[in-house]
Amino acid sequence: MDQRLLAAEFDPEVTYFNTPSHGLLPARAVAAVSEAAAAMSAGRIDQAAYYTEVDEARAAFARIAGTTPDRVAAGSAVSTHTGMIAASLPSGAEVLAPRDEFSSVVNPFTVRDDITLRTVPLADLPEAVEPSTTLVALSAVQSADGRIADLPAVRSAARAAGARVLLDVTQAAGWLPFSADDYDYVVCGAYKWLLCPRGASFLVVSAQAQQARAVLPLHAGWVAGASPWEDCYGPIARLAPDARAYAESVPFLPYLGAVRSLALIEELGGPEAIGAHDRALADRFRKGVAQLGGGHEPVPGDSAIVAVPGLGHAVDRLADAGVSVSERNGNLRAGFHVHNTEADVDRLLDLLAG
């Protein structure tokens, strides 16, 4: 990691391991949002320029996610994207998901009483795909404990059964390399590992799913038009011919920050370089916890998120010492990202030992 670049972008008041909850905002994103808010207050408002920056954010996310901008729609929340997919499923559809999956991935399917949501343990997901399965919905990395799904096995099983795959990369994009082109749908809340302001999210829809009109553009406002500035009154004559048809009219300020945050992710080397850094720190923490004794064993794996069952009670004590982690399902959950160092990890281990 470029330490001078990181020092210019991050200066947290606490030792921060809580990226799985919310990423730190880089200084450049804070400056962009602050300047834009001041300009809006003064009446210097340029909506055309703002939408250009939204398109730049879409293009940057496409590069990070291994796809092209024509597959990417901008939005504001994962649940909105997932809800659109859920509303588009045919009556009688079966959705398969991991047990205890994050609610935004699965809850939109439960509000329809004419489709079935079936859940199994994450490790059993590939074998649980059946000919009746319409869609497999899962996170690449589990929020509660950082486990990484066996994505090749899930893809293979879904393809064999003729099912589509919906992948949430909110806890993965930025540190875990993947190609969105391998999936039918990809959703991402960008305010975690991509370090964007909350309110920026992305939906990727495959070319095949677009051509089959598998998703209804239920939020198709004027920005979803093929020529939005020329066709913004009355019914839209023609929707955008690509994934922009699924776009929402997004909040400007989060996206003005997002385009800068995504640029930083790319400047730091993208998911490959960032993932190597993050995983090395996570491995240092796993090994350190195992040496502490007390019977606490981290959830095994090679994730940038480390969960330690039974240590959730330590979160408040760590907060009092200026260390930010989180508690999920009784686990102490720590996420290791670009701003973290080996010294940060050692401080966390010393506090847990004490």
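**Notebook: Asn18, Ala258, nonpolar cores and a helix pair**

I looked up Asn18 and found that, at 11% relative accessibility, Asn18 counts as buried (under 20% relative accessible area, with over 50% exposed and the range in between partly exposed; 1.4 Å probe, protein chains only). I note that the model is predicted, that local features need pLDDT of at least 70 and side-chain atom pairs pLDDT 80 or more, and that totals for chains, interfaces and linings use all residues. Residues are numbered from 1 along each chain as its sequence is written, and side-chain values use heavy atoms, with hydrogens and water left out.

I placed Asn18 in the loop between strand E1 (15–16) and helix H2 (27–42); helices (H or I, at least four residues) and strands (E, at least two) are DSSP runs, numbered from the N terminus. Leaving aside residues up to four places away in sequence, I listed Ser324, Val325, Ser326, Arg333 and Gly335 as touching Asn18, where contact means heavy atoms within 4.5 Å.

I turned next to Ala258, which lies in helix H9 (residues 252–267). Ala258 is buried, with a relative accessible area of 0%. Outside residues up to four places away in sequence, Ala258 touches Cys196, Pro197 and Ala200. From Ala258 to Tyr191 I noted 67 residues in sequence and 8.5 Å in space, C-alpha to C-alpha.

I then examined the nonpolar cores (sets of buried Ala, Val, Leu, Ile, Met, Phe, Trp, Tyr and Cys residues joined through side-chain atoms within 4.5 Å). The largest has 62 residues, of which Phe61, Leu138, Val169 and Leu194 touch the most other members. Helix H3 (residues 47–65) supplies the largest share of this core, seven residues. For Leu194, again without residues up to four places away in sequence, I recorded contacts that include Phe61, Ile64, Cys188 and Ile265. A second, separate core has 26 residues, among them Ala93, Leu135, Val205 and Tyr246.

Last, I looked up how H10 and H12 pack. Helix H10 (residues 270–292) and helix H12 (residues 342–353) meet at an angle of about 20 degrees, and their axes are 10 Å apart; axes are lines fitted to C-alpha atoms, for helices over the stretch in contact, and angles run from 0 to 180 degrees between N-to-C directions. That makes H10 roughly parallel to H12 (angles under 35 degrees; over 145 is roughly antiparallel, 65 to 115 roughly perpendicular and the rest oblique). In the contact I found, among others, Leu281, Arg284 and Phe285 of H10 and Glu342, Val345 and Asp346 of H12.
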